[in-house]
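Please open the structure in your viewer and keep the selection tool at hand. The tour moves from stop to stop, saying at each one what to select and what is there.

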Amino acid sequence: MRLILFGSPGVGKGTQAKIFSKNFNIPHISTGDILRKAVKDQTELGKKAGELMAQGELVPDYLMIALIKDVLTSDECKNGFILDGFPRTTIQAEALDQLFTQIGIDNTILINITAKENEIIKRLNNRRACKECGNIFNLQDIEGLKKCPACNAENSFYLRNDDKEEVIKNRLDIFNSTTKPVLGYYTAKGRVITVNGFDTIENVTKMIVESLKEKNLYH
Ligand code: AMP
């Protein structure tokens, strides 16, 4: 199975990606997670990306395309993958298509998760990340907890710089102006499934599974 999870920041791409990655035993490739690790480790990529990410800006296409080529052609991805956070520009979408043609992949499906902007702002304001494992939680789910439920790290919750209110607005503007057009690119190819993300995690998963089954793509 090869899925691209698409939608605005905070719509639940990462949450659904983790569920499908576990169910199908294929890797969850989150470009945001890869970049955050690079920033933490202070690699060359991390040094270039850190400031842009903190402002909610996109990391340049040439860096992202090189990164995703390395990951998707690695052994880890040979049986499938769940891509989360890429492509975010039409240039990235075209590069991804070229890569898929080169490596003989023609069965990728884009899952478009939608939600209203006011709901997204509320969600992003209300989420906290674990600085050790990167997992994201709703504030109400971790209230009073001293340890991360995913990795047991102590006192590790923090508000991501790019989840701060002033940066959220910029991320949503960039999504609307630069990332949304990617959808048209995939719709033209008839490989898009759209689901409403303004529902429980379980229901969103169920809707994705049902849509994949309808298209005979769930196996
Ligand atoms: P995410 O965790 O997917 O919301 O990504 C966090 C940040 O990483 C984004 O706001 C961008 O600064 C950067 N980023 C992640 N994926 C991409 C991409 N495909 N193209 C450009 N920048 C990206």
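What follows is a walk through a predicted model, beginning at the ligand and then moving out to helices and loops.

**The ligand and its surroundings**

Select the ligand first, and then show the residues around it: 16 residues surround the ligand, and the closest are T31, R36, E57, G85 and Q92. If you colour this shell by residue class, you should find 6 nonpolar, 4 polar and 6 charged residues. Which helix gives the most to the shell? That is helix α2, residues 31–40, which contributes 4 residues.

Next, turn to the nitrogen atoms of the ligand and look for polar partners. A polar backbone atom of G85 lies 2.8 Å from a nitrogen atom of the ligand, while a polar side-chain atom of Q92 is 2.9 Å from a ligand nitrogen. In the side chain of R88, an N or O atom is found 3.0 Å from a nitrogen atom of the ligand. If you now switch on a surface, bear in mind that the protein covers 95% of the 480 Å² of accessible area that the ligand has on its own.

**Helix α2**

Stay with α2 and select T31, G32, L35 and A38, which are buried. These residues cover an arc of only 125° around the axis, so they sit on the same side of α2. Then select K37 and K40, which are exposed on the other side of the helix.

**A cis peptide bond before P87**

Now select F86 and P87 together and display the backbone, where the peptide bond from F86 to P87 is cis, with omega near 0°. Most peptide bonds are trans. P87 belongs to the loop between β3 (81–84) and α5 (90–103).

**Into helix α5**

Follow the chain into helix α5 and pick out L99, which is found there. Is L99 buried or exposed? L99 has a relative accessible area of 3%, and with the cut-off for buried at under 20%, it counts as buried. Add P9 to the selection to compare sequence and space: L99 and P9 are 90 residues apart in sequence, and their C-alpha atoms are 25 Å apart.

**Two residues with positive phi**

Most residues other than glycine have a negative phi, and the next two selections depart from that pattern. Select Q42, which is not a glycine and yet has a positive phi of about 55°; Q42 lies in the loop between α2 and α3 (44–54). Its relative accessible area is 46%, which makes Q42 partly exposed.

Then move on to N152, another residue other than glycine, whose phi is positive and near 70°. N152 is placed in the loop between α7 (139–142) and β7 (157–158), and with a relative accessibility of 55% N152 counts as exposed.

**Helix α8**

For the last stop, select residues 165–179, which form helix α8. This helix has 15 residues and reaches 20 Å from its first C-alpha to its last, close to the 21 Å expected at 1.5 Å a residue. Colour V167, I168, R171, L172, I174, F175 and T179, the buried residues of α8. Look down the axis of α8 and these buried residues fall within an arc of 160°, so they line one face of the helix. On the other side of α8, give a second colour to E165, E166, K169 and S177, which are exposed.

Terms used:
Residues numbered from 1 in each chain as written. Predicted model: local features only at pLDDT ≥ 70, side-chain atom pairs only at ≥ 80, totals over all residues. Heavy atoms only, no water. Near = heavy atom within 4 Å. Polar contact = N/O pair within 3.5 Å; in protein donor to acceptor, adjacent residues only side chain to side chain. Areas by Shrake-Rupley, 256 points an atom, 1.4 Å probe, with all protein chains shown as cover. Nonpolar A, V, L, I, M, F, W, Y, C, P; charged D, E, K, R; others polar. Expected span 1.5 Å × (residues − 1). Buried < 20%, exposed > 50% of the residue type's maximum accessible area, 1.4 Å probe, protein only. Arc of directions from axis to C-beta.
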